[in-house]
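This report describes selected features of one protein chain. Please keep the sequence and the model in view while reading.

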Amino acid sequence: MRKAKWLISFVAVAVLILSACGSMGAKKDVNHGNNYTDQLQNIQDHGEMTIGIMGTYAPYNFMGKDHQYTGFDVDIAKEIAKRMNVKAKFVAQDFSGLIPGLQKGKFDALVSQVTITDERKRASDFSDPYITNEVKAIVKADNTNIKSVNDFKGKTIGVGLGTNDETYLRNDLMPKVGDFKINTYDDVITTLKDLDAGRIDATVNNVYALKPIVEKNGFKIKAVGNAIKADKAAVAVKKGNPKLVKAINKAIEDMKNDGTYKKIFVKWFGEEPPAE
């Protein structure tokens, strides 16, 4: 009888110990896993913020000669991280995979010319905009048939896969001007190579993005027509992180107030940012 009681007591104690260990393990997963409810605290605990970028989109974000990522977005992200007292770690990804990667916890934030749209706002949260880009039609320098996007009917147009520009071409422009073929690309340089070689008739992009690539490769291209839209890019984070968004907004606001933002803008674009 005593032996039976001893065995029951032993089992009960063992269950309590295992339960305690299980609770500790669960707590560890919550504090260090991707489903942590306070992403800002998680970032600060680790002292590092993982930033998703394309890595091939000069002058915004690209690999420099020192094999480190650089560009306007990179400088902005580094400054945001600095003001949050953490370091910025950059991870490159094709643009079409950035938001899915953010949702899966691969990144803490995206600083890669992610334009704010209603569709993307359903998938992620955004900071205040940190840049506005005017988008124009781009053609070969000797092209006289396309004077604006209204001449795209029947043509082949290149555009970044998964970008806001692709959505604009398919959903807004094509119903308006008539059918045209769309070729999608994972990076700007390949798009411009196909344009230069005559494999596509035009593309849409902003002049800031094209300038360094054109200068480096000697492409003979030109922008035509008026700006078709003005895209506001912001920092994207996983939905449900208001504290993180607030901290990023504070960093952006302080950068603009103390002149740091202006210095970064002039460094990469050779002109002062437009008045807000």
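## Two backbone details

Helices (H or I, at least four residues) and strands (E, at least two) are DSSP runs, numbered from the N terminus. With these names, positions along the chain of this predicted model can be stated. Asn85, for example, is found in the loop between α3 (72–83) and β5 (87–92). Asn85 is not a glycine, yet its phi is positive, at about 65°.

A second detail concerns a peptide bond. Ala58 and Pro59 are joined by a cis peptide bond, with omega about 0°. Pro59 has its place in the loop between β2 (56–57) and β3 (61–63).

## Helix α9 and its partners

Two packed helices are described by the angle between their axes and the distance between the axes. Helix α2 (residues 39–46) and helix α9 (residues 242–257) pack at about 65°, and their axes are 6 Å apart. An angle from 65 to 115 degrees counts as roughly perpendicular, and α2 is therefore roughly perpendicular to α9. On the α2 side, Gln39, Leu40 and Ile43 make the contact, and on the α9 side Lys243, Leu244 and Ala247 do so. Sorted by class, the contact of α2 with α9 has 4 nonpolar, 1 polar and 1 charged residues.

Helix α9 also packs with α3, at an angle of about 110° and with the axes 9 Å apart. This angle makes α3 roughly perpendicular to α9. The contact involves Ile76, Glu79, Ile80 and Arg83 of α3, together with Ile248, Ala251, Ile252, Asp254 and Met255 of α9. By class, the contact of α3 with α9 has 6 nonpolar and 3 charged residues, and no polar ones. The crossing in which α3 passes α9 is right-handed.

## The pair α7 and α8

How do the axes of α7 and α8 cross? The axes of α7 (188–197) and helix α8 (residues 207–217) come within 11 Å and cross at roughly 55°. The two helices are therefore oblique to each other. In this pair, α7 passes α8 in a right-handed crossing.

Val188, Ile189 and Leu192 of α7 meet Leu210, Ile213, Val214 and Asn217 of α8 in this contact. By class, the contact of α7 with α8 has 6 nonpolar residues, 1 polar residue and no charged residues.

## The internal cavity

How many cavities of 30 Å³ or more are counted? The count comes to 1 cavity. The largest cavity has a volume of about 350 Å³. Its lining comprises 28 residues, of which Tyr57, Thr163, Asp165, Val188 and Asn205 are the closest to its centre. Val188 thus appears both here and in the contact of α7 with α8.

Which elements each supply at least two residues of the lining of the largest cavity? Among the strands are β6 (109–115), β7 (124–140), β8 (156–160), β10 (202–206) and β11 (221–238). The helices α6 (164–177) and α7 (188–197) do so as well. Strand β10 gives the most to the lining, with 4 residues. By class, the lining residues of the largest cavity divide into 12 nonpolar, 11 polar and 5 charged.

Definitions and conventions. Residues are numbered from 1 along each chain as its sequence is written. This is a predicted model: local features need pLDDT of at least 70, side-chain atom pairs count only at pLDDT 80 or more; totals for chains, interfaces and linings use all residues. Side-chain values use heavy atoms; hydrogens and water are left out. On a 1 Å grid over the protein atoms alone, a cavity is a set of points where a 1.4 Å probe fits but cannot get out, and a pocket is an open set with protein on both sides within 12 Å along at least five of seven lines; lining residues have an atom within 4 Å of a point. Grid points are joined across faces, edges and corners, and a volume is the space filled by probe spheres set on the points. Ala, Val, Leu, Ile, Met, Phe, Trp, Tyr, Cys and Pro count as nonpolar, Asp, Glu, Lys and Arg as charged, and the others, Gly among them, as polar. Axes are lines fitted to C-alpha atoms, for helices over the stretch in contact, and angles run from 0 to 180 degrees between N-to-C directions. Angles under 35 degrees count as roughly parallel, over 145 as roughly antiparallel, 65 to 115 as roughly perpendicular and the rest as oblique. A crossing is left-handed if the near helix is turned anticlockwise from the far one by less than a right angle, and right-handed if clockwise. Contact means heavy atoms within 4.5 Å.
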